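Trainee: I should be grateful for a close look at a single part of this protein. Could you please describe one residue and its surroundings, and then set that residue within the whole?

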Amino acid sequence: TAHRTAPGWAYGIPELSDAHKDAIVHAKYTANPGCHASGFVIPVYPLVAAGILQQETLLPVFSLTGYSGGGKKMIAEYESPEKPTLYNTPRIYGLSLKHKHLPEMQKICGLDVPPVFCPIVDDYYKGMAVTIQLQNRLLNGGPTAEDIYEKLAGWYDGQKLIKVHPFGYDGMIAAADMAGRDSLELIVNGHGEQTMVTALFDNLGKGASGAAVQNMNLMLGFEETAGLAL
């Protein structure tokens, strides 16, 4: 966390732009992104860069995560035979609205204000679903949800570790669906008035060690996806 907004450090999401990837390739130091932050930055950065989202936009975002994201202490709590009954239900945390990932979420996306961020941990080991919600009338150009899908699909076209799900999915999204993989999928839903974008990935994969291996590969001149589960 200490280095994700620090001068002289590359930020480790190479898919954001050619400049981000080039910075990682030539970096002496690369900061691996936070898991919640990755799920926010990957859909939001392109929309700000394209001028669809204004920098002063106040964004609500909620994030579902498996308990492994809380580290050794939380893992032990959830896997203890004596864990409280309420641990079997989703639990909202970060109630101070000052989660440690907020500085990078704001800075990397170029936002004037941080999002209103609600993280939620549930009783499963790994997997993450980060969701942003948009009122289309507040966006530049008055795009529809399908327009936003097309912008994101075009932005990440050809990327090996980020895919955009075909528009029109109307099922349920399970937060653990990408568990065990190092890639990330964006799912765009909505209509002419409102849009919802969900980043679905493994908090221990593209949200942590998978991203670290990807960045290491780029810095050492290896194939970007070497050693990763796609």
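Mentor: Helices and strands are here DSSP runs, of at least four residues for a helix and at least two for a strand, numbered from the N terminus. By that definition, the protein contains six helices and nine strands. Please bear in mind that this is a predicted model.

The residue I have chosen is Ser63, which is located in strand β3, a run covering residues 60-66. Is Ser63 buried or exposed? Ser63 counts as buried because its relative accessibility is 0%, and the limit for that class is under 20%. The side chain of Ser63 forms a polar contact with the side chain of His36, at 2.7 Å. Leaving aside residues up to four places away in sequence, Ser63 touches His36 as well as Phe117, Cys118, Pro119 and Ile120, and also Met128, Ala129 and Val130.

Let us now turn to the whole protein. Of its 230 residues, 45% are buried. Among contacts between residues at least 6 apart in sequence, 69% join residues at least 24 apart. The radius of gyration is 17 Å, which agrees with the value near 17 Å for a compact globule of 230 residues. Along the principal axes, the C-alpha trace spans about 55 × 45 × 30 Å.

The accessible surface comes to about 10,900 Å², and carbon and sulfur atoms account for 56% of that area. As for charge, the protein carries 17 positive and 23 negative side chains, with the centres of the two sets 9 Å apart.

Note on methods. Residues are numbered from 1 along each chain as its sequence is written. This is a predicted model: local features need pLDDT of at least 70, side-chain atom pairs count only at pLDDT 80 or more; totals for chains, interfaces and linings use all residues. Side-chain values use heavy atoms; hydrogens and water are left out. The radius of gyration is taken over C-alpha atoms; the globule rule is 2.2 Å times the number of residues to the power 0.38. Buried means under 20% relative accessible area, exposed over 50%, partly exposed in between (1.4 Å probe, protein chains only). Contact means heavy atoms within 4.5 Å. Accessible areas come from the Shrake-Rupley method with a 1.4 Å probe; for residues, only the protein chains shown count as cover. Lys and Arg count as positive and Asp and Glu as negative; His and the chain ends are not counted. The place of a charge is taken as NZ of Lys, CZ of Arg, CG of Asp or CD of Glu. A polar contact is a pair of N or O atoms within 3.5 Å; within protein, one must be able to donate a hydrogen and the other to accept it, and residues adjacent in sequence count only if both atoms are side-chain atoms.
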